[in-house]
Amino acid sequence: MLWYNKGETLLKEIKEKNLPENMLAFWYIGQMGMVIKWKRKIIYLDPVLSDLVDQDENSRRHYEIPYEPTNTQVDYIFCTHDHRDHMNQKTILGMLKANPKALIVIPAPLKNILLSWGIKEEQILPLHQNESISLDKQIRVTGIETAHDTYRYDEHNHSFTLGYVFNFAGLKLFHSGDTMLTNELLESLQSYSPIHTLMLPINGSDIIRDSKNIIGNMNAKDAVLLTSQLDAKLTIPLHYDMVYGNEENPLIFADYMERIAPNKRYHIMRLGEMFLIG
């Protein structure tokens, strides 16, 4: 895998990108990792800016990180659940070191994990399913419970895993994190229709990964079926390229899109590529 853009060039593009009032930009940084810029606000979703190693200390990444977490500029970090390819300790601590005023949004049951890492309580925004928060006057975010690979709740019935519906002054975007396709997810998203952009995993699962306790997600066909049932303009397939043994060919997703949802747009992103919507 090769980076379309990385390093200081990518960081400069994120920092200096000026956007019209009605547009936002996002960049793909691998796995489910995305960077969103709305006006001057920079949001990271499930960033993994460190190595991922197995029990023998061998790297599981197909490609290098684009830049060090301590070189980032960020206002908000969102993590969908506590797996290290989504809530990565080294990445988050490095980003917060460089951005001491940044806030991190996580499913509420994960708060104590972040506290155990030494993160200040005032930097943590724990979110419950079906709860919304405002990041500023024009950005509202709602947590949607997800099944990875089943629905899991703490003793207070708070979901351990969340996807996030972002509403940027009427422009809506959904980042699912890891999840299976369920009727509950479909119904939840239909209630937020229309959603301009869907960001969904496509890596699926199989008997080999099951035997290694690699928890699966919806597959490419599931992602397309979900897209076909929603009023969405664009779908971005994710979670298919970073980790050895947990890959998928995104062209399978493209083939299903052409056959099942030919009236819908999609885009397969290059690593470090910028995409504009509005």
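**Exercise 1.** Is Arg 259 buried or exposed? Find its salt-bridge partner too.

*Solution.*
Step 1. This is a predicted model. In it, Arg 259 has a relative accessibility of 55%.
Step 2. The cut-off for exposed is over 50%. Arg 259 therefore counts as exposed.
Step 3. Now look for the partner. Arg 259 forms a salt bridge with Asp 255. Their closest N and O atoms are 2.9 Å apart.
Step 4. Place the pair. Both residues sit in helix α7, residues 250-260. They are four residues apart, so about one helical turn separates them.
Step 5. Check the partner's surface. Asp 255 is partly exposed, at 37% relative accessible area.

**Exercise 2.** Which residue forms a salt bridge with Glu 121, and what parts does the pair tie together?

*Solution.*
Step 1. The partner is Lys 111. The closest N and O atoms lie 2.6 Å apart.
Step 2. Locate each residue. Glu 121 is in the loop between α3 (111-116) and β6 (124-127). Lys 111 belongs to helix α3.
Step 3. The pair therefore ties together parts that are ten residues apart in sequence.
Step 4. Compare accessibility. Glu 121 has a relative accessible area of 47% and is partly exposed. Lys 111 is also partly exposed, with 21%.

**Exercise 3.** Take the salt bridge between Asp 206 and Arg 209. Which class of accessibility does each residue fall in?

*Solution.*
Step 1. The N to O distance between the two side chains is 3.0 Å.
Step 2. Asp 206 has a relative accessible area of 31%, which makes it partly exposed.
Step 3. Buried means under 20%. Arg 209 has 6% relative accessibility, so Arg 209 counts as buried.
Step 4. Set this bridge in context. The structure holds five salt bridges.

**Exercise 4.** Asp 178 has no salt bridge. Which side chains make polar contacts with the side chain of Asp 178?

*Solution.*
Step 1. Find Asp 178. It lies in the loop between β10 (171-175) and α4 (183-190).
Step 2. Asp 178 is buried. The nearest side chain of opposite charge is Arg 152, 9.5 Å away. A salt bridge needs the atoms within 4 Å.
Step 3. Turn to polar contacts. The side chain of His 86 makes one with Asp 178 at 3.0 Å. The side chain of Asn 217 makes another with Asp 178, at 3.3 Å.
Step 4. Widen the search to residues more than four places away in sequence. Those touching Asp 178 include Met 32, Thr 80, His 81, His 148 and His 239.

Methods
Residues are numbered from 1 along each chain as its sequence is written. This is a predicted model: local features need pLDDT of at least 70, side-chain atom pairs count only at pLDDT 80 or more; totals for chains, interfaces and linings use all residues. Side-chain values use heavy atoms; hydrogens and water are left out. Helices (H or I, at least four residues) and strands (E, at least two) are DSSP runs, numbered from the N terminus. Buried means under 20% relative accessible area, exposed over 50%, partly exposed in between (1.4 Å probe, protein chains only). Lys and Arg count as positive and Asp and Glu as negative; His and the chain ends are not counted. A polar contact is a pair of N or O atoms within 3.5 Å; within protein, one must be able to donate a hydrogen and the other to accept it, and residues adjacent in sequence count only if both atoms are side-chain atoms. Contact means heavy atoms within 4.5 Å.
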